[in-house]
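Work through the exercises below with the sequence and the coordinates open. Each task is followed by a worked solution.

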Amino acid sequence: MASHQGIAPALTALAGILEREKGRGLETVPLAPESESRLRELPARLLERKAVRPVIAATPEPEPAPVSKPPPASPPAATPPATTPSAAPPSTTPLGEAERRQALNAIFKQVKSSPEPRALGTLFDTVVFAVGNPMAEIVFVGEAPGAEEEKLKKPFVGPAGQKLDQIIQAMGLAREAVYISNIVKFRPKMGDGRFQGSRNRPPTQEEMASCLPFVRAEIEVLRPRVIVALGRTAAEGLLERGGSLASFRHQDHEFSGISVVATYHPSYLLRQESASAEEGKHAKRQVWEDMLRVMDLAGLPISDKQRRYFL
Ligand code: URA
């Protein structure tokens with residue numbers, strides 16, 4: 001769990017989650033025995049003023065590039081919990097970059113040791129967590145890693161990733177300025193995975209539900225201005241309901257109190273482009289409309305050229 005130094009952000013995150021569950025009408029929250037015993041250890045830990053061990057030490061998977069930007073508008077929460085990424089008391093002080101890295105590292109470690117997604121038996125074992133800037137105002141969320149992502153242990157590094165990079169660039173941003181994650185942190189298997197080769201499949205609702213607490217914990221740490229759900233599957237997983245992408249695109253959504261914009265998955269853009277120039281242009285135009293909305297929500301400047309891109 002959190003080190004002595006990480007206790008405050010962990011409690012902040014816990015309070016945030018409990019607050020939200022209460023808002024949803026939940027009066028009790030099931031607690032894993034391990035989490036309960038860790039919570040019970042807290043008072044003693046707070047008294048351990050001497051031995052302050054850096055529990056969340058090295059910088060692991062999320063390797064966000066330092067990009068300076070104003071502090072986030074909303075007060076962030078922090079470090080996630082044990083088996084069930086949890087959290088707590090609303091902090092008025094926004095988390096700094098180092099604290100966010102620490103908290104993201106803690107989530108990454110929890111994914112690595114979490115039994116729930118593995119218990120399904122339908123996912124490969126390599127964790128593909130996230131990349132990007134811990135201070136990002138825009139978070140892109142895809143569905144699940146594919147073969148290339150699994151190999152490099154980074155999301156969106158294959159052809160879909162290159163398309164996503166182009167979209168980010170058109171917004172006037174570098175990949176390092178945003179945060180890129182997936183709902184499912186493991187590549188989904190086809191059959192028992194032995195003869196899968198480089199083929200991929202979208203994750204199931206069950207697989208997404210097994211990893212959603214980690215995404216929630218990531219968002220609690222980042223508290224971005226906007227989340228972009230890439231494709232129908234990601235939108236369904238994030239919003240926990242079914243629907244067509246067309247319907248998701250035309251509605252306002254929130255995840256943990258943060259605006260969600262749903263748009264087409266970059267792979268869909270690639271498919272449309274190879275179908276015909278016309279189809280490709282149509283899909284690109286729709287994605288660009290969505291990105292203008294994202295830029296608006298993120299408070300990014302939009303040039304005339306960007307506004308008129310498709311007129
Ligand atoms: N598609 C996704 O949804 N995520 C990735 O990381 C790669 C492709």
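Two residues are in contact when heavy atoms of the two lie within 4.5 Å. The model used here is a predicted one.

**Exercise 1.** Find which residues I138 touches, leaving out residues up to four places away in sequence.

Solution. Step one: apply the contact cut-off of 4.5 Å between heavy atoms. Step two: drop residues up to four places from I138 in sequence; what remains is M171, L173, V178, Y179, P224, V226, V228, V294, A298 and L300. Step three: place I138 in the largest nonpolar core, which has 66 residues. I138, F140, M171, I183, L238 and M291 are the residues that touch the most other members. Helix α7, residues 205-222, gives the most to this core, with 9 residues.

**Exercise 2.** Locate R223 and decide whether R223 is buried or exposed.

Solution. Step one: R223 sits in the loop between α7 and β4, the latter spanning 226-230. Step two: buried means under 20% relative accessible area. R223 counts as buried because its relative accessibility is 12%. Step three: look for a polar partner; a polar atom of the R223 side chain is 3.1 Å from the backbone oxygen of S256. Step four: compare sequence and space. V139 is 84 residues from R223 along the chain, and 9.3 Å separates their C-alpha atoms.

**Exercise 3.** Describe the surroundings of the ligand: which residues are around it, and which classes do they belong to?

Solution. Step one: list the shell, which consists of G142, E143, A144, P145, E149, P155, F156, N182 and H265. Step two: sort the shell by class, giving 4 nonpolar, 3 polar and 2 charged residues. Step three: pick out polar contacts. A polar backbone atom of E143 is 2.8 Å from an oxygen atom of the ligand. A nitrogen atom of the ligand lies 3.1 Å from a backbone N or O atom of A144. The side chain of H265 has an N or O atom 3.0 Å from a ligand oxygen atom. Step four: assess the cover. On its own the ligand has 230 Å² of accessible area, and the protein covers 92% of that.

**Exercise 4.** Summarise the chain as a whole: how many helices and strands does it have, and what share of its residues is buried?

Solution. Step one: count the secondary structure, which comes to 12 helices and 6 strands. Step two: of the 311 residues in the chain, 50% are buried. Step three: take the contacts between residues at least 6 apart in sequence; 77% of these join residues at least 24 apart. Step four: the accessible surface is about 14,800 Å², with 55% belonging to carbon and sulfur atoms.

Conventions. Residues numbered from 1 in each chain as written. Predicted model: local features only at pLDDT ≥ 70, side-chain atom pairs only at ≥ 80, totals over all residues. Heavy atoms only, no water. Near = heavy atom within 4 Å. Polar contact = N/O pair within 3.5 Å; in protein donor to acceptor, adjacent residues only side chain to side chain. Areas by Shrake-Rupley, 256 points an atom, 1.4 Å probe, with all protein chains shown as cover. Nonpolar A, V, L, I, M, F, W, Y, C, P; charged D, E, K, R; others polar. Helix = DSSP H or I, 4+ residues; strand = E, 2+ residues; numbered from the N terminus. Buried < 20%, exposed > 50% of the residue type's maximum accessible area, 1.4 Å probe, protein only. Core = buried A, V, L, I, M, F, W, Y, C linked by side-chain atoms within 4.5 Å.
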